[in-house]
Amino acid sequence: SGVIQKVEAKGSATAPLTLRQRIGFALTRRFGGVVVGDAGGLTYPAGTQLPPGTSTEVVRPADLPAGY
């Protein structure tokens, strides 16, 4: 679809985002960014442009299908 999807996985229903995550996610949504290092894996290699408006979905255990 051409839309970049960012996901932050949390290990519990109550695990908070860190201060840096809250700030960084808001800045990425507003200004966009660039993937650095190998954090994006094969899907988003280093240098991949993240356009303004790129949001981050926070996924928690209750959001996963049974058996994960």
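**View 1. Thr-54 counts as buried, at 4% relative accessibility.** The model shown here, and in the views that follow, is a predicted one. With 4% relative accessibility against a cut-off of under 20%, Thr-54 is called buried because it falls below that limit. Look for this residue in the loop that links strand E3 (49–50) to strand E4 (56–59). Its side chain reaches back to the backbone oxygen of Pro-51, at 2.6 Å. Leave out residues up to four places away in sequence, and Thr-54 touches Ile-4, Lys-6, Thr-28 and Arg-29.

**View 2. Lys-6 is a buried lysine with no salt bridge.** Lys-6 sits in strand E1, which covers residues 6–9. Which side chain of opposite charge is nearest to Lys-6? That would be Glu-8, but it is 8.2 Å away. A salt bridge needs the nitrogen and carboxyl oxygen within 4 Å, so at 8.2 Å Glu-8 doesn't qualify as a partner for Lys-6. What the side chain of Lys-6 does have is a polar contact with the side chain of Thr-56, at 2.8 Å. Setting aside neighbours within four places in sequence, the contacts of Lys-6 include Phe-25, Thr-28 and Leu-50. Thr-54, Ser-55, Thr-56 and Glu-57 are also among its contacts, and Thr-54 is the loop residue from View 1.

**View 3. Lys-10 and Glu-8 meet in a salt bridge.** Side chains of opposite charge can pair when their charged atoms come close. Here the N to O distance between the side chains of Lys-10 and Glu-8 is 3.5 Å. That is within the 4 Å limit, so the pair counts as a salt bridge. Are these two residues buried or exposed? Lys-10 is buried, and Glu-8 is buried too. The salt-bridge count comes to one.

**View 4. Glu-57 in strand E4 touches Lys-6, Val-7 and Glu-8.** Those three contacts leave out residues up to four places away in sequence. Glu-57 and Gln-5 are 52 residues apart along the chain, yet their C-alpha atoms are separated by 7.8 Å. Compare that with Ser-12: it is 45 residues from Glu-57 along the chain, with 15 Å between the C-alpha atoms.

**View 5. Ser-12 is a partly exposed residue in the loop between E1 and H1.** Its relative accessible area is 25%. Buried stops at 20% and exposed starts over 50%, so Ser-12 at 25% lands in between. Apart from neighbours within four places in sequence, Ser-12 is in contact with Arg-60 and Pro-61.

**View 6. Leu-19, Ile-23, Leu-27 and Phe-31 form a nonpolar patch on the surface.** Together these four side chains offer about 410 Å² of accessible area. Take Leu-27 as one of the group: it belongs to helix H1, residues 19–31. How much of Leu-27 is accessible, in relative terms? The value is 44%, which makes Leu-27 partly exposed. Patch members need over 30% relative accessible area, so Leu-27 at 44% passes that test.

**View 7. Zooming out, the whole protein has one helix and four strands.** From the N terminus on, those elements run β-α-β-β-β. Along the principal axes, the C-alpha atoms fill a box of roughly 35 × 25 × 25 Å. There are 68 residues, and buried ones make up 24% of them. The accessible surface comes to about 5200 Å², and 59% of that belongs to carbon and sulfur atoms. As for contacts between residues at least 6 apart in sequence, 56% join residues at least 24 apart. One contact from the earlier views, for a last look, is Glu-57 with Lys-6.

Key: Residues numbered from 1 in each chain as written. Predicted model: local features only at pLDDT ≥ 70, side-chain atom pairs only at ≥ 80, totals over all residues. Heavy atoms only, no water. Helix = DSSP H or I, 4+ residues; strand = E, 2+ residues; numbered from the N terminus. Buried < 20%, exposed > 50% of the residue type's maximum accessible area, 1.4 Å probe, protein only. Lys, Arg positive; Asp, Glu negative; His and termini not counted. Polar contact = N/O pair within 3.5 Å; in protein donor to acceptor, adjacent residues only side chain to side chain. Contact = heavy atoms within 4.5 Å. Patch = residues over 30% accessible without salt bridge, like charges linked within 9 Å, V, L, I, M, F, W, Y side chains within 5 Å. Areas by Shrake-Rupley, 256 points an atom, 1.4 Å probe, with all protein chains shown as cover.
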